[in-house]
Amino acid sequence: MQALTALPPLSEAARTPVGAEVLRGLSGRPKTLSPWLFYDDEGSRLFEAITELPEYYVTRAEREILAARADEIVGFAAGDHRLEIYELGAGAATKTGLLLQAALRRQGQVRYRAIDVSSSALDEAKERLEAKLPGLVVEPIVADYTDGLVHLDGDLGDGLSFRRPDERRMFLYIGSSIGNFDLPFALRILRDIRRQLLPGDALLLGADLVKDRQILLSAYDDSAGVTAAFNKNVLVRVNRELGSNFNLQLFRHRARWNEECSRIEMHLESLITQIVFIRALDLQVRLGRGETIHTENSYKFTDEQVEGLLGRAGFGIAKRWKDKNGWFGEYLAEAV
Ligand code: AVI
């Protein structure tokens, strides 16, 4: 009975971000749930575990590039200016340390403004990075950058008008997070970033590249089942927050390569014909056997696609780097 009283009333539940998304995604067909729902505490923990998996090359490949090239990247971005570094979706900011160290080697002191929805991840990153890197000042900005950066102007401070002439901004958008958005939305994010910059400022964009299909499929359907648990955790979250009765045993994790769209798709496939009830939304969800809930896209790019997107957003390419396998790309783009 306790759970009954803990749930918000119907109309209120549908207006919470989670309620609204579940109502939108599961009312019609095809069924979808947005990937931001993955990242509750357990989902964030599972994602960190994914980044350590042997099959999930993405994080390792990017770290390899940053470890080898951080000084070069920072040098290109700075020219003879001082760099101020911003990061979108900073989270625990583990790979970023390599770039911050390189910037500190150049200029002794660095201001790093980290933007993320999770205040606890930002607090943890501030404590860890400032303790480890003397000269670094971390300024956490708690915000959802997918809502646009314009309303951040106050937080981003002096906007564009109040810039020291010897200073340049470098935005970091690494980890191939750009790949989790459809292309028009990805372009919108890049344009939002461009609006925060002046000509000569820089954006470092990390993008996962098209490669052998089997390598891609294993990365999103690992042998230890961590990605499956990450995917199914979305149902655990909906059960907890909206009082639904999804039975995890009756769903299978699926990773598919969609060649035409150049993306890995993650789905939750219903193993039987079933009806799930979502109490807080007073919603019955009918799923046929084999029907799926599409939970994530992860686009894989070519150099031309990345550079085309950057060009349309108002950037020129200054330089690009790859890992030794050529699986991941780091693109330094200059605001023009
Ligand atoms: C966060 N993002 C870049 C990851 C990716 O590879 O698309 C999310 C992920 N989904 C399953 N594994 C990792």
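This report walks through the main sheet, one buried glutamate and a few unusual backbone spots.

Keep in mind that this is a predicted model, where local features need pLDDT of at least 70, side-chain atom pairs count only at pLDDT 80 or more, and totals for chains, interfaces and linings use all residues. Residues are numbered from 1 along each chain as its sequence is written, and side-chain values use heavy atoms, with hydrogens and water left out.

**The sheet**

Let's start with the open sheet of 7 strands, which runs β4-β3-β2-β5-β6-β13-β12 with mixed pairing. Because β4 (136–142) and β12 (315–322) sit at the edges with a single partner strand each, one side of each has no neighbour in the sheet. On average, neighbouring strands here are turned by 20° against each other, direction ignored. Helix α11 (residues 303–312) packs on this sheet and touches β6 (202–208), β12 and β13 (328–335), and its direction makes about 150° with that of β12.

A few words on terms: helices (H or I, at least four residues) and strands (E, at least two) are DSSP runs, numbered from the N terminus. Two strands pair if DSSP finds at least two bridges between them. Axes are lines fitted to C-alpha atoms, for helices over the stretch in contact, and angles run from 0 to 180 degrees between N-to-C directions.

For a closer look at one pairing, take β2 (residues 82–88) and β3 (residues 110–116), which pair in the parallel sense over 4 bridges. Tyr-86 has Arg-113 as its bridge partner in β3.

**A buried glutamate**

Glu-62 belongs to helix α5 (residues 57–78). Glu-62 is buried, at a relative accessible area of 0%; buried means under 20%, exposed over 50%, and partly exposed in between (1.4 Å probe, protein chains only). Setting aside neighbours within four places in sequence, its contacts (heavy atoms within 4.5 Å) are Lys-95, Ile-174, Gly-175, Gly-206, Phe-328 and Glu-330.

**Backbone oddities**

Two residues have a positive phi without being glycine, namely Ser-176 and Asp-282.

| Residue | Phi | Loop between | Relative accessible area |
|---|---|---|---|
| Ser-176 | about 60° | β5 (167–173) and α8 (183–195) | 7%, buried |
| Asp-282 | near 50° | β9 (274–278) and β10 (283–287) | 53%, exposed |

There's also a cis peptide bond, from Arg-29 to Pro-30, with omega near -5°. Pro-30 lies in the loop between α3 (17–27) and β1 (31–32).
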